[in-house]
Structures are given as C-alpha cells and as structure tokens.
Amino acid sequence: MTDAPNIDDPAAEIARLRAEVAALTARAEAAEAAAEHDVLTPVLNRRGFVAAMTRTMAYCTRYKVPATLLYLDLDGFKAVNDTLGHAAGDAALVRVAELLVENVRATDAVGRLGGDEFAVLLLNADMDSGREKAAGLKAALEGADFAYDGQPAVLGGSFGVRAFTGQADVETWLAEADAAMWVRKRGRSSL
C-alpha cells in the first residue's frame, strides 16, 4: 500500500516524489547496465559489445578514425572444465576477462561473446596496432598464473584481428574477425 499524499505539506510531497523518481531512475539504470554486462565476468556481454561496436563503427565512419577488432577463442578450455570442473572453468573465464581488461585502454571495449569467446574493440588502432595488441594479450594469457583449488591450468587463446574498413554491419565485422581467428587457430597464418 502506498502512503497517501500529504496535501497539508506540498513541499514534503514534492520531496517524497523526487526521492521516489530518483530510486526508480537508479533501478532502471542498474537494470540497463545488467542487460549489457556479462553475468559471470567483469566485461560486456554480446549485446553490450555489439552496441559498443555499433557506436564505434558510426564514429569511425564519420570522423575517419581507425579501429580494430580482436576476436579471441580460448585454447584448451574444454580441458579445464573436464579435468578441474565447471567452477574452475568459470574462474578461468573470469581471470581471462580480468587480464583482457587490465591490458587494454579504458577507451577500448572488452566483451564476452559467449562460452569461451571474447572480443576486444580498439579505437584509434590500425591493423598493425591490433596485431601488436593481440600478440601482447596472447603473451599475457600464456604468462598468467592460474590455478583452481591448487591445480594449475594453462590459459591461452587464438586471436583473429580485423580492422574496420567500412563493413556494412556489426555481424559482418565479427564474422571476419572470427574467420581470421579460425585461420590462426589452425596454424595456417600469422597474426
């Protein structure tokens, strides 16, 4: 039951309504943030990452600014789940997300696209910068100490790197970076 309005004190009623609006606004902002952030890791989910890509593509098109997309698929992740359990797999995903965030600029976007796939969106970065960043992130993953319940596990992954070249849409750019990652994963190409 809602408190009846206090018609004897309009200032108190206005203050109460303002507080109620502020609380509802905070709840709406929290719900919106939750809708775009991964439930497990400290990065964007696919929806949030696609929104960041959409904004970046528009910005790059308008201002002729370069951007590069890195697509990461973890190597050997199934073995972590199979040998150490799903809780260890979740902890590994959190650690990978933390490593990615720690090793990019605040202006870059990091997202978990699903399962063991992540992406990093680098603004003001050309293809060479993207390749260099992917090599650095790969080294950071491989050099990370990760253990679950005292059991060590190796973190690593394969990166696909694709510059923004005016792709028609987000899905096209993601598909190009994903294809580059698979070429890399199969060892037929360098970054």
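Biologist: What does the side chain of Thr68 reach, and at what distance?

Modeller: In this predicted model, the Thr68 side chain reaches the backbone oxygen of Ala125 at 2.7 Å.

Biologist: Where is Thr68 placed?

Modeller: Thr68 belongs to strand E1.

Biologist: Is Thr68 buried or exposed?

Modeller: Thr68 counts as buried, because its relative accessibility is 0% and the cut-off for burial is under 20%.

Biologist: Which residues does Thr68 touch, leaving aside those up to four places away in sequence?

Modeller: Its contacts include Val120, Leu121 and Leu122, then Ala125, Asp126, Met127 and Gly130. Val161, Arg162, Ala163 and Trp173 are also among them.

Biologist: Turning to Leu121, where is that residue, and is it buried or exposed?

Modeller: Leu121 lies in strand E3. With 2% relative accessibility, Leu121 counts as buried.

Biologist: What does Leu121 touch, again not counting residues up to four places away?

Modeller: Leu121 touches Phe49, Ala52, Met53 and Thr56, as well as Thr68 and Leu69. Asp108, Ala109 and Trp173 are further contacts of Leu121. In addition, the C-alpha atom of Leu121 is separated by 8.5 Å from that of Gly111, 10 residues apart along the chain.

Biologist: Which residues of H2 are buried?

Modeller: The buried residues of H2 are Gly48, Phe49, Ala52, Met53, Thr56, Met57 and Cys60. Among them, Phe49, Ala52, Met53 and Thr56 are in contact with Leu121.

Biologist: How does the span of H2 compare with what is expected?

Modeller: H2 has 18 residues and reaches 25 Å from its first C-alpha to its last, close to the 26 Å expected at 1.5 Å a residue.

Biologist: What is found at the two ends of H2?

Modeller: At the start of H2, a side-chain oxygen of Asn45 comes to within 3.1 Å of the backbone nitrogen of Arg47. Just after H2, Lys64 adopts a positive phi of about 55 degrees.

Biologist: Which other residues have a positive phi although they are not glycine?

Modeller: Asn124 has a positive phi of about 60 degrees, and Asp149 has one of about 55 degrees. Most residues other than glycine have a negative phi.

Biologist: Where do Asn124 and Asp149 sit?

Modeller: Asn124 is in the loop between E3 and H5. Asp149 is in the loop between strand E4 (147–148) and strand E5 (151–152). Asp149 is exposed, because its relative accessible area is 74% and the cut-off is over 50%.

Biologist: What about helix H5: how does its span compare with what it should be?

Modeller: Helix H5 covers residues 127–143, and its 17 residues should span 24 Å at 1.5 Å a residue. The end C-alpha atoms of H5 are 24 Å apart, which agrees.

Biologist: Which residues of H5 are buried, and where do they lie around the axis?

Modeller: The buried residues of H5 are Met127, Gly130, Ala134, Leu137, Lys138 and Leu141. They lie on the same side of H5, because they cover an arc of only 105 degrees around the axis.

Biologist: What does that side of H5 pack against?

Modeller: The buried residues of H5 pack against three strands, E1 (67–74), E3 (117–123) and E6 (157–163), and against helices H4 (86–102) and H6 (170–185).

Biologist: Which exposed residues are on the face turned away, and what is at the start of H5?

Modeller: The face of H5 turned away from its buried side carries Asp128, Glu132 and Gly143 as exposed residues. At the start of H5, a side-chain oxygen of Asp126 reaches to within 3.3 Å of the backbone nitrogen of Asp128.

Biologist: A new topic: where is Thr41, and is it buried or exposed?

Modeller: Thr41 lies in the loop between helix H1 (10–36) and helix H2 (46–63). Thr41 is buried, with a relative accessible area of 5%. The side chains of Thr41 and Asp38 are joined by a polar contact of 2.6 Å. Not counting residues up to four places away in sequence, Thr41 touches Leu93, Val94, Ala97 and Arg112.

Biologist: Finally, what is the overall make-up of the protein?

Modeller: The protein has 6 helices and 6 strands, in the order α-α-β-α-α-β-β-α-β-β-β-α along the sequence. Its radius of gyration is 21 Å, whereas a compact globule of 191 residues would have one near 16 Å. The C-alpha trace spans about 80 × 50 × 25 Å along its principal axes. Buried residues make up 38% of the 191 residues.

Terms used: Residues numbered from 1 in each chain as written. Predicted model: local features only at pLDDT ≥ 70, side-chain atom pairs only at ≥ 80, totals over all residues. Heavy atoms only, no water. Helix = DSSP H or I, 4+ residues; strand = E, 2+ residues; numbered from the N terminus. Expected span 1.5 Å × (residues − 1). Buried < 20%, exposed > 50% of the residue type's maximum accessible area, 1.4 Å probe, protein only. Arc of directions from axis to C-beta. Contact = heavy atoms within 4.5 Å. Polar contact = N/O pair within 3.5 Å; in protein donor to acceptor, adjacent residues only side chain to side chain. Rg over C-alpha atoms; globule rule 2.2 N^0.38 Å.
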